[in-house]
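Please open the model in your viewer and keep the sequence panel at hand. The tour proceeds by selection, one stop after another.

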Amino acid sequence: MKSEIKARPAARSRGRRLGAFVFLSPGLTYLLVLLVVPLALVLSYTVLQRGRFGGVVYEFTTENFTRLIDPLYLSVLGGSLKLAALTTVIALLVGYPTAYVIAQLPRKWKTVALVAIVLPFWTNFIIRVYAWIILLSGPGLVNSGLKALGLGPFELLYNEGTIVTGLLYSYLPLMVLPLYAAIERLDPQLREASANLGASAFTTFRKVTLPLTIPGVLTGCLFVFVPSFGNFVIPEMLGGNKSTMVGNLIRTQFLSARDWPFGATLALALIAVLIVLLIAQAWAARRA
């Protein structure tokens, strides 16, 4: 009898483990096939050589890492960091007031405003980028309007400002939504208490609202910076040949130069930078 009583908890424990494995297996399989295996291939290619006509020669080398610190490629990496950081800062400056205003709206208008924020995502990404080409081209709507005012036309395409504009337009909702969620969760009594103690609206924002929404700020900055840093479609379509970001460089190595080992090394460097950013964001969020 005692042995049967002892066996029941063990059987329940085995059943729970089996059930957990069954429910986790689809997600684990997905991660294994689409994350772990590709990442392992990228890591393995970094120490291999390029074939004479492209592809991979299975001979060990560290030349790819030596090429990585070449000033030419470091300048591309630095330029990508600069454009992604500039996009993130502008998105924060634009997105925080937008999210704050949306959070103060009546409930029925909040839904309308949030739908308007995410509405561009319902359109194909490439079509949205092409729309900017139409707007900013020589005979486009913007130049036509400037010309009518006697101020144009100007060369608005194929420069870094256009790239930042395209990145900002594409990823601004990713800044607004986390900020809105952080502001919406704030207890309004905290701001009321600050006002009752004589603090001005700016002081209340600086000492109450902003510190309590720092996790949302960090999340929004990460959501904007990561895709901006690795993007290659917008720099290629809106920047032309005048600006190269690290995403374009990786694409060129894989598809044009057919130098897969060096392309994998560049991709690994990109992943390393993003991992450092994720760790920094998690640390700053815990501190906040």
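A residue is called buried when its relative accessible area is under 20%, exposed when the value is over 50%, and partly exposed in between. Please bear in mind throughout that this is a predicted model.

**Stop 1: T61**

Select T61, which sits in the loop between β2 (56–57) and α2 (63–68). Is T61 buried or exposed? Its relative accessibility is 12%, so T61 counts as buried. Now display the residues around T61. Apart from neighbours within four places in sequence, T61 is in contact with T46, V47, L48 and Q49. A polar atom of the T61 side chain also lies 3.1 Å from the backbone nitrogen of E63.

**Stop 2: the surface around Y30**

Move next to helix α1 (residues 2–45), and select Y30 within that helix. With 54% relative accessibility, Y30 counts as exposed, because the cut-off for that word is over 50%. Extend the selection to L24, L28, L31, L32, V33, L34, L35, V36, V37 and L41; together with Y30, these residues make a nonpolar surface patch of about 1,000 Å².

**Stop 3: the largest nonpolar core**

In soluble globular proteins, nonpolar side chains tend to be buried together. For the next stop, select A99, I102, I163, M175, L179, I234 and L238. These are the residues that touch the most other members of the largest nonpolar core, which has 30 residues. Colour the helices that each supply at least two residues of this core: α3 (71–104), α4 (107–118), α5 (125–136), α7 (160–184), α10 (214–230) and α11 (233–238). Which helix gives the most to this core? The answer is α7, with 10 residues.

Now centre the view on L179. Leaving out neighbours within four places in sequence, L179 is in contact with L92, G95, Y96, A99, G216 and V217. There is also a second, separate core of 15 residues, and V76, A84, V246 and L266 are among them.

**Stop 4: the salt bridges**

Side chains of opposite charge can pair when their charged atoms come close. The structure holds 4 salt bridges, and the tour visits some of them.

Begin with E160 and K82, which form a salt bridge whose closest N and O atoms are 3.1 Å apart. E160 lies in helix α7 and K82 in helix α3, so this pair ties together parts that are 78 residues apart in sequence. E160 is partly exposed, at 37% relative accessibility; K82 is likewise partly exposed, with a relative accessible area of 46%.

Continue with E184 and K110, whose side chains meet in a salt bridge of 3.0 Å from N to O. Because E184 lies in helix α7 and K110 in helix α4, the pair ties together parts that are 74 residues apart in sequence. E184 is partly exposed, its relative accessible area being 31%, whereas K110 is buried, with a value of 9%.

Then select R251 and E236, a salt bridge in which the closest N and O atoms are 3.4 Å apart. This pair links distant parts of the chain: R251 belongs to helix α12 (residues 246–255) and E236 to helix α11, 15 residues apart. R251 is partly exposed, with a relative accessible area of 29%, and E236 is partly exposed at 36% relative accessibility.

**Stop 5: helix α12**

Remain with helix α12 and select V246, G247, N248, L249, I250 and Q253, which are buried. What do the buried residues of α12 pack against? They pack against α2, α3, α10, α11 and α13 (260–287). One of them, V246, has appeared before, in the second core.

**Stop 6: N231**

For the final selection, choose N231 in the loop between α10 and α11. At 7% relative accessibility, N231 counts as buried. Show its side chain and look for two polar partners. The side chains of N231 and Y171 are joined by a polar contact of 2.8 Å. The N231 side chain also reaches the backbone nitrogen of I234, at 2.9 Å. Not counting residues up to four places away in sequence, N231 touches F125, L167, Y171, M245, G247 and N248. Of these, G247 and N248 are buried residues of α12, visited at the previous stop.

How values were computed
Residues numbered from 1 in each chain as written. Predicted model: local features only at pLDDT ≥ 70, side-chain atom pairs only at ≥ 80, totals over all residues. Heavy atoms only, no water. Core = buried A, V, L, I, M, F, W, Y, C linked by side-chain atoms within 4.5 Å. Buried < 20%, exposed > 50% of the residue type's maximum accessible area, 1.4 Å probe, protein only. Helix = DSSP H or I, 4+ residues; strand = E, 2+ residues; numbered from the N terminus. Contact = heavy atoms within 4.5 Å. Polar contact = N/O pair within 3.5 Å; in protein donor to acceptor, adjacent residues only side chain to side chain. Patch = residues over 30% accessible without salt bridge, like charges linked within 9 Å, V, L, I, M, F, W, Y side chains within 5 Å. Areas by Shrake-Rupley, 256 points an atom, 1.4 Å probe, with all protein chains shown as cover.
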